[in-house]
Amino acid sequence: MSTTAAPHNPLLQPLQRGIEALGLTLSDAQQQQLLDFLALLQKWNKVYNLTAVRDPQEMLTHHLLDSLAAVPPLQRHLAAEAEQGGAAATQRLLDVGSGGGLPGVVFAICCPTLDVSCVDTVAKKAAFIQQTAATLRLPHLHGLHARVETLAQPYDVVSCRAFASLPDFTTWSNGALKQSGTWLAMKGKHPADEIAALPAGVSVSHVEPLAVPGLDAERCIVWMQRATAA
C-alpha cells in the first residue's frame with residue numbers, strides 16, 4: 001500500500017494496516033483525510049470534550065478503525081440498493097447522535113458519493129462537523145443541530161454507534177427514515193434483549209459480526225427495516 005500520505009505521521013502505518021485488514025481500498029487522499037479528521041478531533045476535544053478517549057493511538061483503534069469496520073458492509077448495502085434501483089442517484093445517510101462524527105465523518109470520507117448528515121442535540125458537536133466538512137473539503141457532509149425526532153427528510157440509511165437502545169433509536173428516528181430505508185446500528189455484543197424489545201413495526205434483517213483490527217472486543221451491525229418493507 002502506498003505510504004505517500006503524511007509519512008511523518010506515526011499513526012499512518014497502523015491506519016494502513018487496519019485498512020488492509022478490513023479489505024478496504026482507500027486513496028492516499030482519503031487516508032490523509034482520516035488522519036486530518038483524527039487531528040481535528042484531538043484539537044477540538046481539548047475544549048469541547050467530544051470524546052472521553054484522549055490517547056491518539058487509542059483514538060485510532062477505538063474510534064477510527066472501529067468506524068472503518070462498518071464501511072465495507074455499508075458499501076455493499078449501498079451498491080446493492082443502487083443495483084436494485086431502490087435508491088436515488090445520490091443516496092442519503094443520517095448519523096444519529098454522531099457526537100464527534102463517528103461514524104458519520106468516516107462514512108463521508110470513505111463513501112464520497114454518499115450524502116451524510118450528522119445530527120446531534122449539542123450545538124458545539126454539530127459545529128465541529130460543519131468545521132470538519134469545510135477543513136477536509138467534504139461537500140456532502142453536514143452537521144445538524146437538532147433532535148432526531150424533529151427531522152422528517154427521507155434518508156436511505158439511518159445509522160448510529162453506541163447511541164441508544166435499538167427500540168429508542170428506531171422509534172426516535174422513524175420519521176427520518178424513508179419508507180424503504182434501512183437502519184444501521186453499530187453495537188458491541190449481540191443485543192438479543194434489545195432486538196426482542198423492538199416495536200412491531202421494525203424487522204431485523206440480519207446481525208453482521210464485525211472484526212476491528214487491533215481491538216479485542218465484540219462488535220456487530222444490526223440491520224433493520226420497517227416490517228412492511230422487510
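Q: What makes the 50 residues of the largest nonpolar core one set?
A: A nonpolar core is a set of buried Ala, Val, Leu, Ile, Met, Phe, Trp, Tyr and Cys residues joined through side-chain atoms within 4.5 Å. The largest such core has 50 residues, and L15, F37, L64, L68, V106 and L141 have the most contacts inside it. Helix α2, residues 28-48, gives the most to this core, with 7 residues. Helices (H or I, at least four residues) and strands (E, at least two) are DSSP runs, numbered from the N terminus. A second, separate core has 20 residues, including A146, V148, V158 and L166.

Q: What kind of model is this, and how are its residues numbered?
A: The model is predicted; local features need pLDDT of at least 70, side-chain atom pairs count only at pLDDT 80 or more, and totals for chains, interfaces and linings use all residues. Residues are numbered from 1 along each chain as its sequence is written, and side-chain values use heavy atoms, with hydrogens and water left out.

Q: Which residues is V106 in contact with, beyond its neighbours within four places in sequence?
A: Contact means heavy atoms within 4.5 Å. Leaving those neighbours aside, V106 is in contact with L34, F37, L64, S67, L68, V71 and G101.

Q: Why is V148 called buried or exposed?
A: Buried means under 20% relative accessible area, exposed over 50%, and partly exposed in between (1.4 Å probe, protein chains only). V148 has a relative accessible area of 6%, and therefore counts as buried. V148 lies in the loop between β3 (141-145) and β4 (155-161). Not counting residues up to four places away in sequence, V148 touches L94, V96, V119, W172 and S173.

Q: Which positions does UniProt list for "binding site"?
A: The unreviewed UniProt entry lists G97, L102, V148, E149 and R161 under that name. UniProt positions are given in the numbering used here, feature names are shortened, and annotations may be inferred rather than shown by experiment.

Q: Why is R161 called buried or exposed?
A: The relative accessible area of R161 is 17%, so R161 is buried. R161 is found in strand β4. Among the residues that R161 touches, not counting those up to four places away in sequence, are H62, D66, L102 and M186. A polar atom of the R161 side chain lies 2.5 Å from the backbone oxygen of H62.

Q: Why is C110 not bonded to C111?
A: A disulfide is a pair of cysteine sulfur atoms within 2.5 Å. The closest cysteine sulfur to that of C110 is in C111, 6.2 Å away, and is therefore too far for a bond. C110 counts as buried because its relative accessibility is 5%. C220 is in no disulfide either, as the nearest cysteine sulfur, that of C160, is 11 Å away. C220 has 4% relative accessibility and so counts as buried. By the disulfide rule, the count comes to 0.

Q: Where does H190 lie, and which residues is H190 in contact with?
A: H190 is in the loop between β5 (177-187) and α8 (192-196). Leaving aside neighbours within four places in sequence, H190 is in contact with I195, V207, E218 and C220.

Q: How do you know whether the protein chain agrees with a compact globule?
A: The radius of gyration is taken over C-alpha atoms, and the globule rule is 2.2 Å times the number of residues to the power 0.38. With 230 residues, a compact globule would have a value near 17 Å; the protein chain has 17 Å, and therefore agrees. Buried residues make up 53% of the 230 residues.

Methods:
Polar contact = N/O pair within 3.5 Å; in protein donor to acceptor, adjacent residues only side chain to side chain.
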